[in-house]
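This briefing is intended for a reader who has the sequence and the coordinates at hand. The topics are salt bridges, a pocket, helix burial and backbone geometry.

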Amino acid sequence: MSPTTRPTNLPLSGVRVVEFAGLAPGPMAGMILADFGADVIRVDRPSGAAAPAPDVLARGKRSIAVDPKTRSGHDVVSRLVEGADVLIDPFRPGVMERLGLGPEVFLDEKTGKNKRLVYARLVGFPRSGPHKDMAGHDLNYLALSGVLSMLPGERKPEFPLNILADFAGGGVMCAMGILFALIERSKSGRGQVVNADMVSGVRYLSSFPLLLSQLPTPHFGPRRGEGLLDGGAPFYNVYTCADGGWMSVACLEPQFFRTFLQRFLRALPSDFALEDGWRPSEADQHDTDSWPRMKTFMERGFASQLRDYWAKVFDASDACAVPVLSPEEAAALAAGSSSRGGSVPVPHPKLERTPSVASLPNAASSIVPRGAHTEEILEELGVDKGQREALRREGALGDQPTAAKL
């Protein structure tokens, strides 16, 4: 979406973002900004190996394919950043400096080319730690945060896809830092560097469990899988039903556990019990000695009926028990709850007066081809036809270079 067709009444209208193409966390930060009105330009390599996964987080963005390692390409990228409000750097430490595009080029108090620039740097490991030069992915960052060791799992902790570190601790935290810096700039008139790393981000995001685990509370046991929230409590868990579907149960409070237990027992045969005749009662909720038997009872009970049977049993109640939906089922539920809901997640949170009006294309249509808007953006920058031909001759736009590189 070009600036001329972009709505002008959104929270980030008029904010230009230069996002250097990278893996998912950087694009997530850029998509959040674009969804709420920013003009996000993704700087792609003109050629090279394809990314491990298609960039489905590119809706509302534009793409320019230019090689900053060439002299003319470097000039174009530098000019683009000089006119931007935000830069998103998704690379390992030192890459932007080697390209001659480090923070000091734009933010130096004396020689900076854009002293109002918010320069956001997003990496996996902390920039000053012992792992800073290592490759890694979400699972590695989660492992070093201390959070992975607390997650439920039978013999080892299980990880929640690549959501926690990549997107929550990385992309979302980076976007939040950018917004903070933009607010501060409105007071000081100055930009600054925003440093975000996924290990620190997921630790901050996990302040509640990390701090609570330091206190003598029942929420997390002395060993993983023995507390209320880490898979130890049978009334805070997921259960398999007769058809292979699952039900989530999270009735932590006594009044909710009471409602759950009443409905659960009524839905089972009156003689349903363990081999010794044991059936759970309200008094058993916080008797940890009874938890193994309660878990077995609940496993067998849920396994006796289909998932949708149990969904109806607990529907419209305070039992804190709902079915685990597939992506397709969740999309149908979202479509019924909102005029914009469906298979594509809606921008959130919803601002009542200035809500996001981002178009919500499907996954395939969300992919912006590399360099799809190169000519348009070059024209906006005032690059004339002769200069464009020079860019092509030098290989800055992907052709074979005819001039030495930097």
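**Salt bridges and burial**

Asp39 has a relative accessibility of 7% and therefore counts as buried, where buried means under 20% relative accessible area, exposed means over 50%, and partly exposed lies in between (1.4 Å probe, protein chains only). The model is predicted: local features need pLDDT of at least 70, side-chain atom pairs count only at pLDDT 80 or more, and totals for chains, interfaces and linings use all residues. Residues are numbered from 1 along each chain as its sequence is written, and side-chain values use heavy atoms, with hydrogens and water left out.

**Salt bridges**

- Side chains of opposite charge can pair when their charged atoms come close.
- A salt bridge is taken here as a side-chain nitrogen of Lys or Arg within 4 Å of a carboxyl oxygen of Asp or Glu, and by this rule the count comes to 25 salt bridges.
- Asp39 and Arg62 are joined through their side chains in one such salt bridge, with an N to O distance of 3.1 Å. This pair links distant parts of the chain, since Asp39 belongs to strand 2 (residues 39-44) and Arg62 to strand 3 (residues 61-65), 23 residues apart.
- Helices (H or I, at least four residues) and strands (E, at least two) are DSSP runs, numbered from the N terminus.
- Arg62 is buried, with a relative accessible area of 0%, and its partner Asp39 is buried at 7%.
- A network of salt bridges links Arg16, Asp39, Arg62, Glu376 and Glu380.
- Glu154 and Lys295 form a salt bridge whose closest N and O atoms are 3.8 Å apart. Because Glu154 lies in the loop between helix 5 and helix 6 while Lys295 lies in helix 10, the pair ties together parts that are 141 residues apart in sequence.
- Within that pair, Glu154 is exposed at 68% relative accessible area, whereas Lys295 is partly exposed at 22%.
- Arg307 and Asp308 also form a salt bridge, with 3.0 Å between the closest N and O atoms. Arg307 counts as buried at 11% relative accessibility, and Asp308 is partly exposed at 42%.

**Second largest pocket**

- The second largest pocket holds about 990 Å³ of space.
- On a 1 Å grid over the protein atoms alone, a pocket is an open set of points where a 1.4 Å probe fits, with protein on both sides within 12 Å along at least five of seven lines, and lining residues have an atom within 4 Å of a point. Grid points are joined across faces, edges and corners, and a volume is the space filled by probe spheres set on the points.
- The lining comprises 31 residues, and those nearest the centre of the pocket are Pro152, Gly153, Asp230, Gly231 and Asn237.
- Two or more lining residues come from each of helix 8 (207-212), strand 7 (236-240), strand 8 (246-250) and helix 10 (291-303). Strand 7 gives the most, with five residues.
- By residue class, the lining has 18 nonpolar, seven polar and six charged residues. Here Ala, Val, Leu, Ile, Met, Phe, Trp, Tyr, Cys and Pro count as nonpolar, Asp, Glu, Lys and Arg as charged, and the others, Gly among them, as polar.

**Helix 1**

- Helix 1 (residues 25-35) is mostly covered, with 10 of its 11 residues buried. Among the buried residues are Pro25, Met28, Met31, Leu33 and Asp35.
- Gly37, just after helix 1, takes a positive phi of about 110 degrees.

**Backbone geometry in the loops**

- Leu161 is not a glycine, yet has a positive phi of about 55 degrees. Leu161 sits in the loop between helix 5 (138-145) and helix 6 (163-188) and is exposed, with a relative accessible area of 60%.
- Ala316, also a residue other than glycine, has a positive phi near 60 degrees. Its place is the loop between helix 11 (307-314) and strand 9 (321-323), and Ala316 counts as exposed at 76% relative accessibility.
- The His348 to Pro349 peptide bond is cis, with omega near 5 degrees. Pro349 is placed in the loop between helix 12 (327-337) and helix 13 (374-380).

**A separation across the model**

- Lys312 is found in helix 11 and is exposed, with a relative accessible area of 69%.
- Lys312 and Pro157 are 155 residues apart along the chain, and their C-alpha atoms are separated by 31 Å.
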